[in-house]
Structures are given as C-alpha cells and as structure tokens.
Amino acid sequence: MSSTERFEVWAPRAHDVQLVVDGAHHPMKRAKKRGWWVSEITKEPGQRYGYLLHDGNDWAGPFPDPRTRRQPDGVHGLSEVFGTDFPWTDQGWTPKKLQGQVIYELHVGTFTPEGTFAGVVDKLAYLADLGVTAIELMPVQPFGGERNWGYDGVDWFAVHEGYGGPHELKKLVDTAHAHNISVFLDVVYNHFGPDGNYNGHFGPYTSMGSTGWGDVVNLSGANSDEVRAYVLDAVRQWFEEFHVDGLRLDAVHSYDDRAAFSIMEDINQIADETDAIIIAESDLNDPRIISSYEHGGYGLDAQWLDDVHHALHTLITGENNAYYADFGSLDILADTLRNGYRFRRTYSSFRERTHGKELDLTRIPPWKLITYTTTHDQVGNRAKGDRPSQNLTPAQHALKAAVIFFSPFTPMIFMGEETYAQTPFPFFVSHTDERLLRLTNEGRAHEFARYGWDVDTVPDPADPATFDSAKLNWDFGDDSAQMLSAYKKLLSLRKDFNLARDDLRELQVEHGAGWLTMGYDDVVLAANFSGEPVTVPVGGELVYSFTQPKTTNTSTVLDPWGFAVISR
C-alpha cells in the first residue's frame, strides 16, 4: 500500500462527509470525480475508520466503508485499513482451463469441525486424492452474525473474519495451488444482505424492485457507472491480489442489467486478462451466457445446469413437486443428456410459459455446462435440508454419481456427497436483528407450504443447533468408505477414458424399459433406473460397477439401481 494513498469514498447523496480515523474526525472535500469525497489523511495499515454523512439536516454514522477491505468487528463495526502484502509461494502456478476439471463445492463454516480456511487447508490432500482439481467456496464476504450460507454478504471487498479473514484466505489459495487445486469464489452481485448493509446511505447502490432476497443492484439506472465499477473493482481484486482462479456468479438471472454491454461481459473481460474462469448460475437456459463474443454471447466459461440434476433426481426419487414437475422420465433424462438444456423454447408446466433456447452444439462444448448430483441449493432449499444420501440407498447414490461423472459435462461434487454423508445441510443464519430473523423464518415457512412440504419439519434457521447439524462428520463408517472408493474410481475412469470431450453430438444415448446407456464407440455406461434387474443390449468387458452385473459380449444384466462401465 502506498504511503500517499488517501481516504476517499463515493457518496453522491451526502451534503457533507467527515472521515473518522482512530477516533479523530477529519473534514473531507468533494473530489473531481463526480460524487466522490477525498481526505488529506493518508492510509496506514491497521487504522480503524468510518464515515459520517450529513443529509442536509443531520449527521449519521460513522458507517463502514462500502469498499472496506476488512471488518474485524463485524459488519456493524468500523473498517480497518488492510495491507496487500503476502508471502506468496505460487509463482510457478499456471491457471487451469475448465475442460477436464472436477469441482468441489464447500461451505467453509461447516466443511470441517474448525469451520475456517485453515480447516479447509488441512483437507486439501484428501481432496487431491479424491480427484478434485478445483474447490468452489460458498460466499466468504462478511454478513451479519457468525453463521450464514454467505448469500447475505454486504462488504464485497472483504472476507468474513470468522473464517480467518483475508490473510487466511490468501494462505488457502496459496496452499491449494501447491496441491495443484484451483480456487473459485462464489460471489453475489444481484443483491446485498439485509443485515449490515449501509451502502444505501452513501449512494444508489440499489434500485427499485426486488430479487426476492433483497433490492436489485443498480447496474443500469442513474448513477450506475460507479456501482458497476464497485463490482468490477471487487472482481479484479480477487484475481490480482488474492490469486483466485475463478468466480461463480450467483443467480445472474436476477441481474437488473439493461445496458447494451452486460456486466457479465465486463466481468469476463477482466477474467480474460488473468486467464481466470467465470461460471454463472443461470435459470434462463440462454445460450448467450456461454456463447463467445464473436457469436453475440457474453463469453463466460460455463454455467450451472440444473436440468440434468432435476432429470436424475425425479427419476430416482419419484419426487415431482414444484420445479420437478417438468421432469421424471427416462425420455426426459435422455433428451437432456443429448441437448444440455431441457427447455429449448418449449413449454414449462412449472413456469406456465415457454422457456429457454436451444444450444448450438456445433460451437458450444458440453464441458461449459456444470452438472452435479446435488448442490447447496438443492439440499438446503428442502424443508428439512436433507441430502439425497439420507434418502437413497448406496446403489442409487452411486448411480447418480456415475451418470454425472460419465457425461462430457464438467462435474461438481457438493461436500460430503462422496462419503454418502448422513448430515443435513439446512439453511442457517444468525442475523443481529430479531425482526430479520422472524421474517426469514416466516418467509421460508410460507415458501415450503406453497410447495406442499410440512412447515413443522423446517429447522429454525437461527437456532445454533441448525448450523451444528450441517457440519460434516469425518468419522467414516463402512458405507462412507465404500462410497468414497466408488467416487475415486469413477473420477479415475473419467480421466482414463478422456470423458471431458468437446462435442455433445458424439455422445450416444439410448434407453429402454427402465434402462439407459450413454457413451462412445470405446466405452459405455449402462444404467438401471428401476428396482428390478434389467437386461441391457450392450456387452463387452466390465471395467467397473458398484454392484454385481453379469456381462457377456452382447448384453449386460444389471442389479436394481445398478450401473456398469463397459469397454467396447
């Protein structure tokens, strides 16, 4: 940090601004940049500071800096000037391309007993041995209280102190690179959390309208240039200062962005400068998100694909409520595997309208689609937060993994699924405002009632026991050890058979009464989606199975919910 760097803040709504540093008050002047205020005081690491704002009638604050780098006392405390120095050892690290990667999504607070970045560091060797090449951290920006999924973040340049703060995050990234593992951050740029968000006192960071989680971020309204710069400067910080390898953009379908040049394009162009990866969570089935600039797209590297998850989940569990109503047959699973998107300008009964657009498979490789057996959303947004592994037999659980890992899509594992975890992952918060806690509880109960779930089974998100229940159990039993071995073998075979292929049109998918096959001329996965043995008209050399299939040169008999990897 330069010793001549001065305190400055964007506060176009203020009539006057004072800087408070280590208890002393200092006047600020309007800067040449529109809406900005600047002080003659220079920054020094360790200083605690905030801003007093005058609205024309009264002073309010001091408030933390919207661009705060560190909040040692939480989101309601003063900001701290934080230096950028760190003893990096990853000078030889080469950023990975997305193709061929295996992503592992985790929540820092519940992944290990410690619930810290240091706890994740201790598990890096385990993840590398599993076959993971990238970890994706659920949001780590500060939020109100100590317990949260992370999607209520308010300080987009800072890191939650309870996880270890910015220094420990850098240490995690540095050590992950030493284990040949990339680090992605899940970032939320569609809304601010409700607890500790003081940015509205400074300027129009949000605009009219709601995402359902909070007011929409002002990406294209009046004074939005500085809000967009706020987002883009945060993006650049993660890549350049923290050496992060990629970002997962939360719910881009909730962006209120009507500018001719999408904020996603802006983000992606910054990523291009450092070979970083940008992944979108999108419910739009819109090819523009992952299409190249040359073909009118936003150029992002990948997007999450719920469609394959939904097709697998409904087929194995039989659940067909809410958004699962559009899935539930082998025809739909096969169609989705062949095309990527389930909806391609076709009717969705859940949405009650036509949805999506067809992917151009001649230009968009399948590894640009991220698939999974489950995610934090698909678990935590259930009434009880119960995992698939709590409701499925080991064979059913392994079958889902086999389909995901055998496809040419990029696979992602949600923490604990590889060990058949029996711990739930319910939604949890610890807002410092009792009213927010009550509204959160009531809102989730209302949503679950609408989907037909028993609201009496919903854990209280604010109860510490709800958070504690989500912590992974690392004391593995026989089922856990067997599933972990299966995951390792499947991921090894994925690499051996080079299944991260470039053209989805080459994937051969067939299905019959209760069974489905997918593969290529050299290798095929035969899968039984029924509770009875089935004979599949594919034979060859058995490479791997979780159960005991019987294979001949021309056919394979699969156990209930069984699968077989067959070399042809």
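**Briefing: a helix cap, a closed barrel and two buried sites**

Asp433 caps the N-terminal end of helix H12, with one of its side-chain oxygens lying 2.8 Å from the backbone nitrogen of Arg435. This description rests on a predicted model. Beyond H12, the briefing turns to a closed barrel of eight strands with parallel pairing, and then to Thr517 in strand S22 and to Pro549 in the loop between strands S25 and S26.

**Helix H12**

- H12 comprises residues 434-450, and its 17 residues reach 25 Å from the first C-alpha to the last, which is close to the 24 Å expected at 1.5 Å a residue.
- Leu436, Leu437, Thr440, Arg444 and Phe448 are the buried residues of this helix; seen down the axis of H12, the buried residues fall within an arc of 105°, so they line one face of the helix.
- That buried set packs against helix H10, residues 376-380, whereas Glu434, Arg435, His446 and Arg450, on the other side of H12, are exposed.
- After H12 comes Gly452, a residue with a positive phi, near 90°.

**The barrel**

- The order of strands around the closed barrel is S9-S10-S11-S14-S15-S16-S19-S20, and neighbouring strands of this sheet are turned by 30° against each other on average, when direction is ignored.
- Strand S9, residues 103-106, is covered on both faces, since Ile103 and Glu105 on one side and Tyr104 and Leu106 on the other are all buried.
- S9 pairs in the parallel sense with S10 over four bridges, and it pairs, also in the parallel sense, with strand S20, residues 410-414, over three bridges.
- Tyr104 takes part in both of these pairings, having Ile135 as its bridge partner in S10 and standing opposite Ile413 in S20.
- S10, residues 134-137, runs parallel to S11, residues 182-187, and four bridges join the two strands; within this pairing, Leu137 has Leu185 of S11 as its bridge partner.

**Helix H6 against the sheet**

- Helix H6, residues 224-240, packs on the sheet and touches S11, strand S14 (246-249) and strand S15 (277-280), its direction making about 145° with that of S14.
- The 17 residues of H6 reach 24 Å from first C-alpha to last, close to the 24 Å expected at 1.5 Å a residue.
- Buried residues of H6 include the aromatic side chains of Tyr230, Trp238 and Phe239, together with Val227, Val231, Leu232 and Val235, and also Ser224, Arg228 and Gln237.

**Thr517 in strand S22**

- Thr517 lies in strand S22, residues 515-519, and it counts as buried because its relative accessibility of 5% is under the 20% cut-off.
- Once neighbours within four places in sequence are left aside, the residues in contact with Thr517 are Gln508, Val509, Glu510, Val524, Leu525, Ala526, Val536 and Val538.

**Pro549 in a loop**

- Pro549 sits in the loop that lies between strand S25 (541-544) and strand S26 (550-551), and it is nevertheless buried, with a relative accessible area of 13%.
- Its contacts, again leaving aside neighbours within four places in sequence, are with Leu542, Thr556, Val557, Leu558, Asp559, Phe563 and Ala564.
- The C-alpha atom of Pro549 is separated by 46 Å from that of Asp90, a residue 459 places away along the chain.

Key:
Residues numbered from 1 in each chain as written. Predicted model: local features only at pLDDT ≥ 70, side-chain atom pairs only at ≥ 80, totals over all residues. Heavy atoms only, no water. Pairing = 2+ DSSP bridges. Axes fitted to C-alpha atoms, helices over the stretch in contact; angles between N-to-C directions. Contact = heavy atoms within 4.5 Å. Buried < 20%, exposed > 50% of the residue type's maximum accessible area, 1.4 Å probe, protein only. Expected span 1.5 Å × (residues − 1). Arc of directions from axis to C-beta. Polar contact = N/O pair within 3.5 Å; in protein donor to acceptor, adjacent residues only side chain to side chain.
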